[in-house]
Structures are given as C-alpha cells and as structure tokens.
Amino acid sequence: RKNLVKVAVDKNFSMQSSALHDTIEADLEAGFQPLCVIATIGTTGSTAVDPIRQIGKICSKNNIWLHVDAAYAGTAMVLPEMRHFADGLELADSYVFNPHKWMFTNFDCSAYFVRDPQMLIRTFEILPEYLKTRTRGQVNDYRDWGVALGRRFRALKLWFVIRNFGVEGIRQKVRLHLELAQWLASEIRQSADFELLAPVDFSLVCFRYLPSGITDEASINEINEQLLQTLNAGGKLYMTHTKLNGKYTLRMVIAQTYVEKHHVENAWKLIRETAGKI
Ligand SMILES: Cc1ncc(COP(=O)(O)O)c(C=O)c1O
C-alpha cells in the first residue's frame with residue numbers, strides 16, 4: 001500500500017494523463033521506479049473510462065507495464081460502436097475482462113490477455129521432473145502463466161454461452177442493456193427530484209434522490225441510504241451504492257441476461273414511489 005500511488009481524476013472520474021505524467025516524474029526524481037500503471041475501462045464505482053491511448057504513450061516512454069482493467073465494461077467491446085472506449089488498447093501489456101460480470105457466464109470466468117506470455121512464464125514456470133510433459137512447447141501450459149498449477153476449465157462454459165446466444169445474440173442483449181440505461185438516464189434527467197451523478201456510458205446508472213427543500217448534503221446522503229435500504233428490503237429490486245464526491249450514490253445495473261424494458265420501468269416507478277414516502 002505504501003507504494004501504491006493514486007492518480008487524480010477529472011470531473012467524470014477519468015484518470016488525468018497529465019497527473020499521471022507528473023506523478024511518474026515525481027517518483028523518478030525521488031529515486032523510485034514506477035513499474036505498473038493500472039488504467040480502467042469502466043471503473044467499479046461509476047464505470048468511468050481512462051484515456052488509454054494517452055496513458056499508453058506515457059507508459060511506453062517510461063517502460064512501465066500498462067494493465068487495462070475492463071472487468072465489467074469489456075463486454076461492451078463486442079459492439080463495434082463501443083470500441084472507441086478501448087482506443088489505444090494496442091499499447092497495453094495486459095488486459096482483463098470478466099465474462100462473469102456482463103457476458104451471461106456463470107461465476108467465475110475472467111478473460112486475461114497478455115502481450116508477452118514469456119514474462120509470465122519466466123515468472124511462474126516450475127519444472128519438476130513430473131511436469132516435463134511430451135507436449136511441452138507445443139501447447140500453452142497455462143499452469144506456467146500464474147501461481148496455481150491446477151485450474152478449472154472455465155473457457156468451456158464461456159464457449160457454451162457464445163454457442164448458445166451467438167455473437168449476434170450477445171450483441172443484441174448488450175445493445176438492449178445500453179438502450180435501457182439511456183432510457184433510465186433520460187427519465188432521471190427529466191425528474192426535478194432526482195439527479196445523475198456520473199456519465200452513463202454503459203449499463204450502470206449512478207443517481208440519487210434530491211428531495212425538494214433539502215440542501216444539506218449530510219441529510220441528502222441519509223435519505224438516499226434509507227431509500228436504498230427500503231427498496232432492497234422490499235425484495236422487488238436490488239441495487240448497490242457508492243459515494244461519488246462524498247454523495248451517497250444509488251447504482252442500478254441493467255445487465256441481467258433476460259432483463260426487459262418493463263423490468264426497468266417498474267423499478268423506476270418503485271424508486272419514485274418509495275422516495276415519495278420517505
Ligand atoms: C473494474 C473492476 N475490476 C475488477 C473487479 C473485480 O473483479 P474480479 O471478480 O475478477 O476480482 C471489478 C468488480 O467489481 C471491477 O468492476
């Protein structure tokens with residue numbers, strides 16, 4: 001933790017590449033060697049997107065490993081119209097996205113891509129006599145790519161998901177989720193007593209209730225916490241929360257395999273009704 005450096009973000013919660021540059025310079029001047037930058041496409045809290053190309057250039061110049069974490073939003077890259085979010089990804093050394101988050105695959109299944117597997121193999125390979133198999137060098141021995149020797153065949157269930165829905169089927173579902181998130185965002189924008197708290201680029205909507213006449217931030221936070229607890233206790237919908245700039249934020253994720261518009265409409269109706277009673 002002592003060696004973890006957090007980099008400043010802008011108003012959209014995206015990493016500021018100028019701040020990254022300054023942070024690296026300051027570290028170098030202080031005699032430290034930055035070794036890895038983790039950029040995110042779709043942060044956990046608000047699905048913010050870091051400027052991968054700008055960050056990648058800084059990393060290449062300073063010989064720093066760039067890992068891109070697209071655990072949740074990576075699924076959106078199945079849509080050609082969403083790939084601009086990954087602009088510059090060719091500069092990354094490693095990339096991860098989790099089909100278990102938004103690509104309809106049972107937990108757990110993370111897809112990890114690495115530019116140079118030799119880096120992993122040199123780090124993790126162990127070769128006692130009994131692991132010197134005849135296929136060595138002809139197949140990928142994934143046991144040499146990480147800490148564990150044994151692993152489950154997670155790719156199989158992902159393969160079945162892809163076979164079952166087809167790439168077009170997955171695209172249709174993801175497009176629907178994006179549309180539903182935009183629908184909810186526009187409803188929130190039109191409501192005087194709700195507000196969006198982060199850009200809606202994917203299928204997560206971050207918002208809060210703003211009851212008229214209450215301006216004290218601590219009270220607004222309390223009301224929203226109470227709203228979330230009441231809604232979740234009702235058993236009809238389930239949302240999570242975060243804090244963005246100190247504001248208690250409700251998070252609605254629209255990514256379930258069989259979600260339809262009426263589910264989101266009903267949820268929004270319930271949120272407004274419940275808020276009105278608080
Ligand atoms: C951006 C991001 N990275 C990583 C994770 C954690 O992923 P994993 O389940 O692979 O530990 C999450 C989970 O919420 C996430 O949103």
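Student: Why is Asn 245 called exposed?

Tutor: The model is predicted. In this model Asn 245 has a relative accessibility of 67%. Exposed means over 50%, so Asn 245 counts as exposed.

Student: Where does Asn 245 lie?

Tutor: Asn 245 is in the loop between β7 (240-244) and β8 (247-253). Its phi is positive, about 50 degrees, although Asn 245 is not a glycine.

Student: What makes Asn 63 count as exposed?

Tutor: Its relative accessibility is 70%. The cut-off for exposed is over 50%, so Asn 63 counts as exposed. Asn 63 sits in the loop between α2 and β2 (65-69). Asn 63 is not a glycine, yet its phi is positive, about 55 degrees.

Student: Which residues of helix α2 are buried?

Tutor: In α2 (residues 52-62), they are Ile 52, Ile 55, Gly 56, Ile 58, Cys 59 and Asn 62. Buried means under 20% relative accessible area.

Student: How do you know that the buried residues of α2 line one face of the helix?

Tutor: Look down the axis of α2. The buried residues fall within an arc of 165 degrees, so they line one face. The face turned away from that buried side carries the exposed residues Lys 57 and Lys 61.

Student: Why is Leu 156 called partly exposed?

Tutor: Its relative accessible area is 35%. Buried means under 20%, exposed over 50%, and partly exposed is in between. So Leu 156 is partly exposed. Leu 156 lies in helix α5 (residues 154-190).

Student: Which residues make the nonpolar surface patch?

Tutor: Phe 153, Leu 156, Trp 159 and Phe 160 make a patch of about 470 Å². A patch residue needs over 30% relative accessible area. Leu 156 has 35%.

Student: What makes the pair between Asp 69 and the ligand a polar contact?

Tutor: A polar side-chain atom of Asp 69 lies 2.6 Å from a ligand nitrogen. The limit is 3.5 Å for a pair of N or O atoms, so this pair is a polar contact. For Thr 44, a side-chain N or O atom is 2.9 Å from a ligand oxygen. For Lys 101, a side-chain N or O atom is 3.1 Å from an oxygen of the ligand.

Student: How much of the ligand's accessible area does the protein cover?

Tutor: The protein covers 59% of the 400 Å² that the ligand has on its own. The residues around the ligand include Thr 40, Gly 42, Asn 98 and Ser 110.

Note on methods:
Residues numbered from 1 in each chain as written. Predicted model: local features only at pLDDT ≥ 70, side-chain atom pairs only at ≥ 80, totals over all residues. Heavy atoms only, no water. Patch = residues over 30% accessible without salt bridge, like charges linked within 9 Å, V, L, I, M, F, W, Y side chains within 5 Å. Areas by Shrake-Rupley, 256 points an atom, 1.4 Å probe, with all protein chains shown as cover. Salt bridge = Lys/Arg side-chain N within 4 Å of Asp/Glu carboxyl O. Helix = DSSP H or I, 4+ residues; strand = E, 2+ residues; numbered from the N terminus. Buried < 20%, exposed > 50% of the residue type's maximum accessible area, 1.4 Å probe, protein only. Near = heavy atom within 4 Å. Polar contact = N/O pair within 3.5 Å; in protein donor to acceptor, adjacent residues only side chain to side chain. Arc of directions from axis to C-beta.
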